[in-house]
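Look at the sequence and the structure below. The report after them deals with contacts, charged pairs, cysteines and the surface.

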Amino acid sequence: MENIPTILLVDDDPDDLMLLKDAIESLENKFNFAEANDGRTALNILKKSALDQKLPSLVVLDINMPILDGREMLAIMKSDPILKDVNVVVFSTSSNPTDINYCKQLNVTMFSKPFNITLLKDVAEKIVQFCKY
């Protein structure tokens, strides 16, 4: 049986979710996807996945979201003994130095959301390199 990695996409913008998912699906590798529109929902997905012993191979996280933003979600994940080792990358429009430094402190790579589909495919290729197989 084939073990296809799962990527959890966390973003409150449905268009950004769809575009990133499409860009990743256009790559040669196969992935399953889970999606969340805020950090609280994403944490609930992660907790359920942990109980099922099927944590995602990668979490792609936006910074600016309602309910529980990316910074808060990262802090919770990094302090949780089960979730702290899940690979995370930040995919955001934020260029705020505070956000950039926060990601660096947590050893999380941050990618800027590109403005065209060609650049998005390039970023998608870089993002999937962080997937644990």
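Leaving aside neighbours within four places in sequence, D99 is in contact with I63, R71, S94 and M110. This residue belongs to helix α4, which covers residues 97-105. With a relative accessibility of 5%, D99 counts as buried, because buried means under 20%. The model discussed here is predicted, and the contacts of D99 are computed from that model.

**Confidence**

The mean pLDDT of the protein is 91. Of its residues, 98% reach 70 or more. Among the elements, β3 has the highest mean pLDDT, 97, and α5 has the lowest, 90.

**Salt bridges**

How many salt bridges does the count come to? The count comes to 7 salt bridges. The table lists some of the pairs, with the distance between the closest N and O atoms.

| Lys or Arg | Asp | Closest N and O atoms |
|---|---|---|
| K48 | D52 | 2.9 Å |
| R71 | D69 | 3.0 Å |
| K113 | D62 | 3.7 Å |

The salt bridge between K113 and D62 has its closest N and O atoms 3.7 Å apart. This pair links distant parts of the chain, as the two residues are 51 residues apart. K113 is in the loop between β5 (109-112) and α5 (117-128), and D62 is in the loop between β3 (58-61) and α3 (70-79). Are K113 and D62 buried or exposed? Both residues are buried. They also take part in a network of salt bridges, in which D11, D16, D62 and K113 are linked.

The partners in the salt bridge of K48 with D52 fall into two classes of accessibility, given in turn here. K48 has a relative accessibility of 52% and therefore counts as exposed, the cut-off being over 50%. D52 has a relative accessible area of 41%, so this residue is partly exposed.

R71, one of the residues in contact with D99, forms a salt bridge with D69. R71 is partly exposed, with a relative accessible area of 24%. D69 counts as buried, at 13% relative accessibility.

**Cysteines**

How many disulfides does the structure hold? The number is 0. A disulfide is a covalent bond between the sulfur atoms of two cysteines. To count as one here, a pair of cysteine sulfur atoms must lie within 2.5 Å. Why does C103 form no such bond? The cysteine sulfur closest to that of C103 is in C131, and C103 has no bond because this distance of 18 Å is too far. Taken from the other side, the sulfur of C131 has its closest cysteine sulfur in C103, also at 18 Å, and this is too far for a bond. Both cysteines are covered by other parts of the protein to the degree that the word buried requires: C103 counts as buried at 1% relative accessibility, and C131 is buried with a relative accessible area of 8%.

**A patch on the surface**

Which residues form a nonpolar patch on the surface? They are M18, L19 and I117. Together these residues have about 260 Å² of accessible area. M18 is in helix α1, residues 14-25. Its relative accessible area is 45%, so M18 is partly exposed.

Notes
Residues are numbered from 1 along each chain as its sequence is written. This is a predicted model: local features need pLDDT of at least 70, side-chain atom pairs count only at pLDDT 80 or more; totals for chains, interfaces and linings use all residues. Side-chain values use heavy atoms; hydrogens and water are left out. Buried means under 20% relative accessible area, exposed over 50%, partly exposed in between (1.4 Å probe, protein chains only). Patches are made of residues with over 30% relative accessible area and no salt bridge: like charges are joined within 9 Å, nonpolar side chains (Val, Leu, Ile, Met, Phe, Trp, Tyr) within 5 Å. Accessible areas come from the Shrake-Rupley method with a 1.4 Å probe; for residues, only the protein chains shown count as cover. A salt bridge is a side-chain nitrogen of Lys or Arg within 4 Å of a carboxyl oxygen of Asp or Glu. Helices (H or I, at least four residues) and strands (E, at least two) are DSSP runs, numbered from the N terminus. pLDDT is the predictor's confidence in each residue, from 0 to 100. Contact means heavy atoms within 4.5 Å.
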